[in-house]
Amino acid sequence: MSEQTPIIVPGSAKARRTWRLTAALIGTFGSLMVFGMLVVLGVSLWVSILNTSTLLRDKADSIIDMLEVQLAEHLAPAPDALTFLAAQVEAGTVDPEDPAAVRSTFVGVLGAAPQLMGIGMVRPDYSGLFVGRTPLGLRFGTPDFRNDPLVRGAIPQLGKATTPQWSAPVWRDLFVDTLLVASMPMRKSGTLIGGMVTLVRVRDLSDYLNTIGDRTGAVPFILYGTDRVLAHRNLLAGFKGSSKTPLPALNQIGDPVIAHMWDASVRDTPMLPARLPVKNHVVEINGVDHLVFYKEVTGFGPKPWIVGVHVEARVFGDSLIRLAVGAGVGLLTVILSVILALWIGRRIASPVRRLADAAHLVGTFQLDDVAPLPRSGIREINDQSTAFNSMVSGLRWFGTYVPKGLVRQLLQSGDASAIESDNRNLTVMFTDIVGFSSFSEDRPAAEVAEFLNEHFAIVAGCIEAEGGTVDKFIGDSVMAFWGAPDKQKDRAVRACRAALAIRA
């Protein structure tokens, strides 16, 4: 059991004057915008175009950042699996000479990492063990790598490595696809006894890019070096490569922007200066300008990857330069207005942002992480904060007397039907401390309370770990049930496991 501390809503003896949100917005943003328009009416168009260009660049930067993050997340299981397997071999948990144990471990790793297409082990004599995904399911093999030039060239280099290494993309007929290969030495008592590899299908990267492209309206891409395409929406059906050409050239994927991306005719645009590490330039295709944003990413092989996106530059043209020159007269006024407007906007948006973050925590029933919202000089926001703090305080007390699982379901469902009565088969468990009466007779109340708190925390943890719901505490007893609010077909098994865990 844990002590519930109610939230104290901040207040003061002396009432502070508050302003209505509408009046505040009209008095600040409205007056500033009217003043700016009266002083430099023509500058407003230039500012809107400048904002458009900034938003476009921000959008491109965010897409590239999103691509980089998802790329790292998608590929992370490959080196992580190698690090895990190498540790298991070094510790003796997995014996490389026991094919059954190795195969079982490989299957477990593949089950936990759907990105991986296969895992292999190679011994110094180039014999090995391999488990891979195929259209017909998992395939097990004991290949002989003596005639594989890629493996023969990689094994001697593994002895110099201490961490997983990515190699260049390779084509494998077994998977009818190009694969990314991560490798790591396999050591026992510090002695090199072979190597391990994990395989990731290149085509999956195009799936990620296509999803992002559909959401943003841009065309994302990943290049391997500057002359080969690693991922693009036009490669969703795959690329029929070979051992010599595992990846298509820039002009083989049907995207003219990518095909002419490095032509000598590409040019910069004054309205979109590069914001490193993201670079950008303009590619003209049939009289239409296309903006290309890209960034180099290293650490995934001998060549850097170029992650980027391209969009049509329909909102740009020579007129932008003329507008920018003509707008110089009112530049200082606009800058001051924008700075002041942003400052006021942030002051207004800050409590709204805090309320949104706190509401998210309430929605997931993380009430202990919700801090009281402070008072605000704007009346509506101040009333909002006061009501929200009161609501959180009430929810904390509500969660004390109602099972947390039920409270969380009510919060997440937002549906009144979620609290209607329902006939349900449940598994109910009662726990009791043997000899508690005699134990507690000669001990101070504080010591007994501390003992019970610790005991209930352990029991509740075992119950919740098996998906159970603590219904109530009855003296030194705990009542819990399975099968509500969520239906559980294996409720009895869960209850038994929880009972064994509690006994342990």
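This tour visits two sheets, several helices, the aromatic pairs and the nonpolar cores of a predicted model.

**Stop 1: the five-stranded sheet**

Select β8 through β12 to begin. These strands form an open sheet in the order β9-β8-β12-β11-β10, and their pairing is antiparallel. At the edges lie β9 (228–232) and β10, each of which pairs on one side only. From one strand to the next, the twist averages 30°.

Now restrict the selection to residues 279–285, which make up strand β10. Is this edge strand mostly covered or mostly uncovered? Five of its seven residues are buried, so the description "mostly covered" applies under the cut-off of 20% relative accessible area.

Add residues 288–297 to bring in β11, which pairs with β10 in the antiparallel sense over seven bridges. Within this pairing, Lys279 stands opposite Tyr294 of β11. The two strands form a hairpin with two residues between them. In the turn, select Asn286 and inspect its backbone: its phi is positive, at about 55°.

Continue to β12, residues 305–312, which runs antiparallel to β11 and is joined to it by eight bridges. To locate the register, select Glu296 together with Ile306, its bridge partner in β12.

Helix α6 (residues 203–216) comes next. It lies across β8 (219–224), β9 and β12, and runs at about 60° to β9.

**Stop 2: helix α3**

Select residues 77–91. Helix α3 has 15 residues and spans 21 Å from its first C-alpha to its last, close to the 21 Å expected at 1.5 Å a residue. Colouring by accessibility will pick out the buried residues of this helix: Pro77, Ala78, Pro79, Ala81, Leu82, Leu85, Ala86, Gln88 and Val89. Directly after α3 comes Gly92, with a positive phi near 85°.

**Stop 3: the three-stranded sheet**

Move to β13, β14 and β15. They form an open sheet in the order β13-β15-β14, with antiparallel pairing. Its edge strands are β13 (427–431) and β14 (469–474), each pairing on one side only. Here the twist averages 20° from one strand to the next.

Strands β14 and β15 (residues 477–482) run antiparallel and are joined by five bridges. Thr469 has Phe481 in β15 as its bridge partner.

Two helices should be added to this view. Helix α13 (residues 445–465) packs on the sheet and touches β13, β14 and β15, its direction making about 10° with that of β15. Helix α14 (residues 491–503) lies across β13 and β15, running at about 15° to β13.

**Stop 4: aromatic pairs**

How many aromatic pairs does the structure hold? There are six. Select Trp166 and Phe300 for one of them: the pair is edge-to-face, at 6.2 Å centre to centre with 65° between the planes. This pair links distant parts of the chain, since Trp166 belongs to strand β4 (residues 165–166), Phe300 belongs to the loop between β11 and β12, and 134 residues separate them. Trp166 counts as buried because its relative accessibility is 13%, and Phe300 is likewise buried, with a relative accessible area of 14%. Extending the selection to Trp305 shows a cluster in which ring pairs link Trp166, Phe300 and Trp305.

Next, select Phe436 and Phe439. Why is this pair classed as tilted? The ring centres are 6.4 Å apart and the planes stand at 35°, so the pair is tilted, an angle that lies between the limits of 30 and 60 degrees. Both residues belong to helix α12 (residues 436–441); because they are three residues apart, about one helical turn separates them. Phe436 is buried, with a relative accessible area of 14%, whereas Phe439 counts as partly exposed at 23% relative accessibility.

**Stop 5: the nonpolar cores**

Finish with the cores. The largest nonpolar core has 53 residues, of which Leu116, Leu180, Leu230 and Trp305 touch the most other members. Helix α2 (residues 43–75) contributes the largest share of this core, seven residues.

Centre the view on Leu180. Leaving aside residues up to four places away in sequence, its contacts include Leu75, Trp166, Leu205, Leu230 and Trp305.

A second, separate core has 15 residues, including Met429, Phe436, Val478 and Trp482.

Technical notes: Residues numbered from 1 in each chain as written. Predicted model: local features only at pLDDT ≥ 70, side-chain atom pairs only at ≥ 80, totals over all residues. Heavy atoms only, no water. Buried < 20%, exposed > 50% of the residue type's maximum accessible area, 1.4 Å probe, protein only. Helix = DSSP H or I, 4+ residues; strand = E, 2+ residues; numbered from the N terminus. Pairing = 2+ DSSP bridges. Axes fitted to C-alpha atoms, helices over the stretch in contact; angles between N-to-C directions. Contact = heavy atoms within 4.5 Å. Expected span 1.5 Å × (residues − 1). Phe/Tyr/Trp six-rings, centres within 6.5 Å; stacked < 30°, edge-to-face > 60°. Core = buried A, V, L, I, M, F, W, Y, C linked by side-chain atoms within 4.5 Å.
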